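Reader: Please take me through this structure term by term, setting each value against the cut-off that it is judged by.

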Amino acid sequence: MSVHNNFIAGEWIGSADQIANINPSDTKDIIGEYAQANRDQVEQAIEAAHIAAPDWERSGIQQRFECLDVIGSEVLARKQELGTLLSREEGKTLAEGIGEVTRAGQIFKFFAGETLRNAGELLPSVRPGLSVEISREAVGPLAIITPWNFPIAIPAWKIAPALAFGNTVVFKPAELTPGSAWALCDIIARSGVPEGVFNLVMGRGAEIGAPLLNDRRIRAVSFTGSTQTGRIVAEACSARNARFQLEMGGKNPLIVLNDCDLENAVNCAVNGAYFSTGQRCTASSRLIVEASVHDAFVAALVRKMDGLVIGDALADGTDIGPVADQSQLNKNLEYIEIGKQEGAELLTGGDVVERDKPGFYQKPALFIESDNAMRINQEEVFGPVASVIKVADLDEALHCANDTQFGLSAGICTSSLRSAARFKQESQAGMVMVNAPTAGVDYHVPFGGTKGSSFGPREQGGYARDFYTTVKTAYTQA
Ligand code: NAD
């Protein structure tokens, strides 16, 4: 069995502790063994990033452009192979896996270009003879901590801007999906990035999270994951005045009005709620439906759900792959029980299903007769579980959509320009979609939410610069 090591100060470093990367479509299939970094190795990675930081920041934009461009090209050239690895370890369908890898490659290409567009400002001073220059500098060594559900795209959208703007990186991917992270690291390691600029430490968050978060040499932390872990990151960084950025959970609403194109609304709901097995922070887990279209929408949605093929992520024709692991499956089942106890009606799905190979297969679940105050509508499940909330009109729909601790993404299906305009204005989410699924975003525009979903500057696109640079104001007397 091949062992995949950590990458520290330009060297591949082994560890006594290794974990097996298991395919959730076939738990007998072990993808590989992955070394788990210990605290000393985290310390070495931080020191390497610290030492490499000044030279990397001064390295020049052409070198950084070329490194990112080379990384993007290799990721794109290998999208079939890397997409297969991703789907094999995470469980999203092959089309989704290849799509995610493509996205990662595009992100590196985009930020290659951003290295050349890091413009400053030149202003006259209010004092005669002085001029003022405003420029952007690297923040310093960064920690990047990522979840398992987008194991290559999320690392890409943090690592690419970090390197583009001259920061060095210690990258800690999720325990569950080290394969895509390791493959990306292998590409970065061969891209011409100097020793120590990029370091990979795989390992358990509970063990190696603290040394990363508490080290004064780490000047900023970009984190995506659960709300609970986000709080730990926030507390540790606040305590030592380090910069941090958090992308966390969601409980995203999709409003369906009676003037919608019903077929499109059903497609948006199926895509948003169940694709990628519902394991997306932007998943539409609350379907808020106007009473006059409720029955027709639910009937059409159930018909569509009946036709979904649940199976091996890599098999032709699979619409929904397995749940990522046993603990996530247990959590989904627990929430289905909670929903029933709260009085919602489980109309279809939710049950565990068997396939030829042993895996974590679950039928997408749909609740009706649910109330927005129920736990299944207030807490993130992170699985193929959605519920319908019946409302009288747009007023009630908007109130319900915003009545949540989260604010990542929200959608509406309507043919009314007026309703769409009102929704875009009154929704409290960071990303709003009209007649499109709540999940699925472009890579060149800002990504992020409000309230309990996000903290700090937006990720992706030109806005990413705000987190990965610090502003300097320079006064010069002529
Ligand atoms: P998680 O919080 O369990 O883990 C995320 C990362 O944090 C992992 O790398 C983990 O090892 C690390 N970690 C765990 N404990 C730590 C600690 N004490 N210190 C430092 N790091 C620690 O989340 P997950 O289960 O991997 O991912 C699912 C969650 O991610 C969901 O809540 C989902 O909504 C969220 N998510 C959010 C976005 C977004 O952009 N808003 C995108 C994808 C996923």
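**Values against definitions**

Author: R422 has a relative accessible area of 28% and is partly exposed. The model is a predicted one, in which local features need pLDDT of at least 70, side-chain atom pairs count only at pLDDT 80 or more, and totals for chains, interfaces and linings use all residues. Residues are numbered from 1 along each chain as its sequence is written, and side-chain values use heavy atoms, with hydrogens and water left out.

Reader: Why is R422 called partly exposed?

Author: Buried means under 20% relative accessible area and exposed means over 50%, with partly exposed in between (1.4 Å probe, protein chains only). The 28% of R422 falls between those two limits, so R422 is partly exposed. The 45% of D395 also lies in between, and D395 is therefore partly exposed.

Reader: How do you know that R422 and D395 form a salt bridge, and which parts does the pair tie together?

Author: A salt bridge is a side-chain nitrogen of Lys or Arg within 4 Å of a carboxyl oxygen of Asp or Glu. The N to O distance between the side chains of R422 and D395 is 2.6 Å, so the pair meets that definition. R422 belongs to helix 14 (residues 417-426) and D395 to helix 13 (residues 394-402), so the bridge ties together parts that are 27 residues apart in sequence. Helices (H or I, at least four residues) and strands (E, at least two) are DSSP runs, numbered from the N terminus.

Reader: What makes K357 and D312 a salt bridge, and which parts of the chain does the pair link?

Author: Their side chains meet at 3.1 Å, N to O, which is within the 4 Å limit, so the term applies. The pair links distant parts of the chain, 45 residues apart: K357 is in the loop between strand 15 (345-348) and strand 16 (365-368), and D312 is in the loop between helix 10 (291-306) and helix 11 (326-342). The relative accessible area of D312 is 16%, under 20%, and D312 is therefore buried, whereas K357, at 39%, is partly exposed.

Reader: How many salt bridges are there in the whole structure?

Author: A search of the whole structure finds 22. One further pair is R375 with E379, whose closest N and O atoms are 2.8 Å apart; R375 is partly exposed at 38%, as is E379 at 22%. Salt bridges also link E74, R78, E81, D186 and R190 in a network.

Reader: Why is L301 called buried, and what is it in contact with?

Author: L301, in helix 10, has 0% relative accessibility, and because this is under 20%, L301 counts as buried. Contact means heavy atoms within 4.5 Å, and, leaving aside neighbours within four places in sequence, L301 is in contact with V266, A269, V270, L287 and L366.

Reader: Is E459 buried or exposed, and which polar contacts does its side chain make?

Author: E459 is placed in the loop between strand 20 (454-455) and helix 15 (465-468), and at 0% relative accessibility E459 counts as buried. A polar contact is a pair of N or O atoms within 3.5 Å; within protein, one must be able to donate a hydrogen and the other to accept it, and residues adjacent in sequence count only if both atoms are side-chain atoms. The side chain of E459 makes such a contact with the side chain of W157 at 3.2 Å and another with the side chain of K158 at 3.1 Å.

Reader: Which polar atoms lie close to an oxygen atom of the ligand, and how much of the ligand does the protein bury?

Author: A polar side-chain atom of W148 lies 3.0 Å from a ligand oxygen, one of K172 lies 2.9 Å from a ligand oxygen, and a polar backbone atom of G225 is 3.3 Å from one. Taken alone the ligand exposes 850 Å², and the protein buries 88% of that, with accessible areas taken from the Shrake-Rupley method with a 1.4 Å probe and, for residues, only the protein chains shown counting as cover.
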